[in-house]
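Q: I'd like to learn how to read salt bridges off a model. Could you walk me through it?

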Amino acid sequence: MSSCRVCNSKILPFMSFGRMPIANGFLPPGSIDLEEYFFELAPAFCDVCGMFQIVEQPNPEIMFHDHYAFHSSTSQFMIKHFKAFSDFVISDYFSGKNSPFVVELGSNDGIMLSNFKQAGIDHLGIEPSENVADIARAKGINTISKFFDEALADNIVTQYGKADAVLSANVMCHIPNIHSVAKGVRRLLKSDGVLIFEDPYLGDVIDKVSYDQIYDEHVFLFSATSVRRAFGDHGLELIDVFPQATHGGSMRYVLAPVRSRQVSKRVSFQIDKEMAQGLHLPKTYQKFRKDCETSRSNLLKTIEDLLAQGKRIVGYGATSKSTTITNYCGIGPQHIEYISDTTPIKKGTYSPGMHIPIRAHESFSENLPEYALLFAWNHAQEIMEKELSFKENGGKWIIYVPRVEVIV
Ligand code: TMP
Ligand code: ZN
């Protein structure tokens, strides 16, 4: 039996997705015969503190390193999203402040902080993956390549002073030692500072059966209930929540030193909504397990039926999420020819575990397939809008969130 990372209660996984490789562990050419790292991907729900978490997580150094494959700025939509996020912080939390200072945890290639830089605001990025941090530095964004914890928080305070805002996007749910981060943030923030972060939202994952949000890097899937409890232990109060469309449904959480700011009505509204959805009930997760199994068999059947008709299927977007789909469903090169991806360092590699070749987008545009399995479903609108010639040539999209469907 394992212990909850937040409250230490005993937890048991309610299902297993089986043996999983590292989600972003794309294999360079020539290395597919080498032994790959696998762990068991099994999620659990702690009914004492309400935190959804995976039980076993690979060591962070295996996941985030100097050849980390995920680069934030591959999506135009996300570039716009982070501009809007930055504008929201500046207008709602920095107005009237004299030389505010913002720190971002997991600043990747600087997609968010470049907006603060352009606005002339003092900023600091914390990004442990050296290769993406270098891209940010080349854009003039001050970046430290370390994992954030209390000791680093103290160093930042000594060197730069306390922060008016600590931000993070799709990062907080990656950090197993949530207590160390919460303590560090509390020490780093000014007494009127705010912590604002957003991550894929548990309520959406359950509702849309987007189980591919569950992978090694996502040690937690947060809800307003679990965030309020986990950070409340460290003197940070949940004061506001804002649902987001990104990553198939995310939540932005605003926290502040306890009793320093008014708590918005949206917080209790969201928590009531989570109760009404049954996010606190074990039966919700039993149903989710069955929904995952149904989704898997429907997806495999759809693919196998098309292959039986002699159709060509390729994958679109070698996302981290796709590692859960391909390995849990057993989708390999016998099903899909290759996965098209625009990220330069993924080109020529093989997908983790199932070893599907990853090719540059030209392979797709120069020889359009009949079907494309949209692994990057969270970017569906942007991708479908730009792949008009695929559609005009009779190409069809296969999606699996919120249900398995062929889009004609
Ligand atoms: P994400 O779902 O974690 O944001 O990853 C998106 C992946 O999909 C990333 O590897 C880049 C790739 N991608 C494309 O290949 N084409 C596109 O148009 C978009 C938006 C993403
Ligand atoms: Zn717990």
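**Reading the salt bridges**

A: Sure. Keep in mind that this is a predicted model. The general idea is to look for a Lys or Arg side-chain nitrogen within 4 Å of an Asp or Glu carboxyl oxygen.

Q: How many salt bridges does a search of the whole structure find?

A: The search turns up 17 of them.

Q: Where do lysine 83 and aspartate 87 lie?

A: Both are in helix H2 (residues 76-93), four residues apart, which is about one turn of the helix. Their side chains meet in a salt bridge at 3.0 Å, N to O. As for exposure, lysine 83 is partly exposed at 39% relative accessible area, and aspartate 87 is partly exposed at 37%.

Q: Which helix holds aspartate 291 and lysine 287?

A: That's helix H10 (residues 282-308), where the two are four residues apart, about one helical turn. Their salt bridge has an N to O distance of 2.9 Å. Lysine 287 counts as exposed, with a relative accessible area of 51%, because the cut-off for exposed is over 50%.

Q: What does arginine 187 form with glutamate 150?

A: A salt bridge, with the closest N and O atoms 3.3 Å apart. Arginine 187 sits in helix H6 (residues 178-188) and glutamate 150 in helix H5 (residues 150-160), so this pair ties together parts 37 residues apart in sequence. Arginine 187 is partly exposed at 36%, and glutamate 150 is partly exposed at 23%.

Q: Which residues are linked in a network of salt bridges?

A: Lys97, Asp164, Lys190 and Asp192 are joined that way.

How values were computed:
Residues numbered from 1 in each chain as written. Chains lettered and ligands numbered in written order. Predicted model: local features only at pLDDT ≥ 70, side-chain atom pairs only at ≥ 80, totals over all residues. Heavy atoms only, no water. Buried < 20%, exposed > 50% of the residue type's maximum accessible area, 1.4 Å probe, protein only.
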